[in-house]
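Work through the following exercises with the sequence and the model open. Each task is followed by a solution in steps.

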Amino acid sequence: MASVELEDLRVHLSSKMAAIQRLLQLKALGGASCNDQLADVGSKMAALHLLLDELEAHVNEQASLASHLRRAKERMEALRDGAMQMSLMNMCIANEHANKKPVKEEKLIKDVTLISPEEFEAIPRYLRGRLTLPQINGALESIRAAAILKYDVLRHPPQSLPVALRPRYQRFRDEETNETRDATFVVEADLKELGHVKLDRRFYSILNVLRHCHRIKEIRGGGLVRYVLC
C-alpha cells in the first residue's frame, strides 16, 4: 500500500474515532437506554488506537525509505555526471594533444573495502548516531571516485591539459607533501568539485566513522586536511 493511501486511511480512522468519542460523551445523556448499544465501545476504541499507531509507524517507515532512495539517486547522478565530465576531458586531450609528450603511467587507486554489517553493528552508538550503513558506504565510494578523477588529471603533463584544468592541476601539486608522496588523498575541494559531496554535519560524522574503521586517515598541514585512503 502506498504511503499516501495509508495516510488517507489514517485520517479516515481518526474521524471514526472522533465520532465514537462523541457517542461516549452522549452516553451520560442517554441514560440506561444507551448502555446496551455502547457496552463494547471502549474495547473497540482501544483496538482502533492500536491500529492507528501501527499505520502511523508504517507511514513513517515508508517516508524514510523514500527519502533514502531519493538521496541515493542524487548521489548516483552526481557520480555519473562526474564520470561523463572526465570522459569528455580525456576525449579533448586525446584529440588535441595526440602528438605531445606521452602521459605518465596511471596511478592505481586502491579498492576500498566497504563497511560490513558486522562492522557497522560494532561501531559505538555514540559515534554512528543515526547514520545508516548505505550512507557510510556511499560516502566512502564518493571519496574514492573523487580520488580517481583527481589522479587521472595528475597523470597528464600540464601542457597537454585544457587551459581551464591547469589551475586545478597546479593546486593538486601544491597540496602534496613528503607525507603524501606514496599516498592517495583528497581534500575538501576535491570532494565538492569531483565527488559532488555535500560537506554538512552528517558527512563529517561519516568521516569520523571511516577513521574509526581505518578506511581513511588524516594528514594535516598548510591549513588543509588531507583524507588519505587506507
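Helices (H or I, at least four residues) and strands (E, at least two) are DSSP runs, numbered from the N terminus. The model is predicted: local features need pLDDT of at least 70, side-chain atom pairs count only at pLDDT 80 or more, and totals for chains, interfaces and linings use all residues. Residues are numbered from 1 along each chain as its sequence is written, and side-chain values use heavy atoms, with hydrogens and water left out.

**Exercise 1. Describe the chain as a whole.**

Step 1. Eight helices and three strands are present in the chain.
Step 2. Along the sequence they follow the pattern α-α-α-α-α-α-β-α-α-β-β.
Step 3. Of the 230 residues in the chain, 34% are buried. Buried means under 20% relative accessible area, exposed over 50%, and partly exposed in between (1.4 Å probe, protein chains only).
Step 4. Take the contacts (heavy atoms within 4.5 Å) between residues at least 6 apart in sequence: 68% of them join residues at least 24 apart.

**Exercise 2. Locate the residues with positive phi at His196 and His214, and state how accessible they are.**

Step 1. His196 has phi near 55°, a positive value in a residue other than glycine. The residue is placed in the loop between helix H7 (188-193) and H8.
Step 2. With 37% relative accessibility, His196 is partly exposed.
Step 3. For His214, phi is positive at about 60°, although the residue is not a glycine. His214 belongs to the loop between H8 and strand E2 (216-221).
Step 4. The relative accessible area of His214 is 63%, so this residue is exposed.

**Exercise 3. Classify the packing of H5 against H8 and against H6.**

Step 1. Axes are lines fitted to C-alpha atoms, for helices over the stretch in contact, and angles run from 0 to 180 degrees between N-to-C directions.
Step 2. Helix H5 (residues 133-154) packs with helix H8 (residues 201-212) at about 85°, and their axes are 10 Å apart.
Step 3. Angles under 35 degrees count as roughly parallel, over 145 as roughly antiparallel, 65 to 115 as roughly perpendicular and the rest as oblique. H5 and H8 are therefore roughly perpendicular.
Step 4. On the H5 side, Gln135, Ile136, Ala139, Leu140 and Ile143 meet Arg202, Phe203, Ile206, Leu207, Val209 and Leu210 of H8. This contact of H5 with H8 has nine nonpolar, one polar and one charged residues. Ala, Val, Leu, Ile, Met, Phe, Trp, Tyr, Cys and Pro count as nonpolar, Asp, Glu, Lys and Arg as charged, and the others, Gly among them, as polar.
Step 5. Between H5 and helix H6 (residues 166-174) the angle is about 105°, with the axes 10 Å apart. H5 is thus roughly perpendicular to H6.
Step 6. Lys150, Val153 and Leu154 of H5 make the contact with Tyr169, Phe172 and Arg173 of H6. By class, the contact of H5 with H6 has four nonpolar, no polar and two charged residues.

**Exercise 4. Examine the aromatic rings.**

Step 1. A search of the whole structure gives one aromatic pair. The rings of Phe203 and Tyr204 have centres 6.4 Å apart and planes at 70°, so the pair is edge-to-face. Rings of Phe, Tyr and Trp (its six-membered ring) pair if their centres lie within 6.5 Å; planes under 30 degrees apart count as stacked, over 60 as edge-to-face and the rest as tilted.
Step 2. Phe203 is buried at 5% relative accessible area, whereas Tyr204 is partly exposed at 31%.
Step 3. The charged end of Lys150 sits over the ring of Phe185, 3.5 Å from its centre. A charge sits over a ring if NZ of Lys or CZ of Arg is within 6 Å of the ring centre and within 35 degrees of the ring normal.
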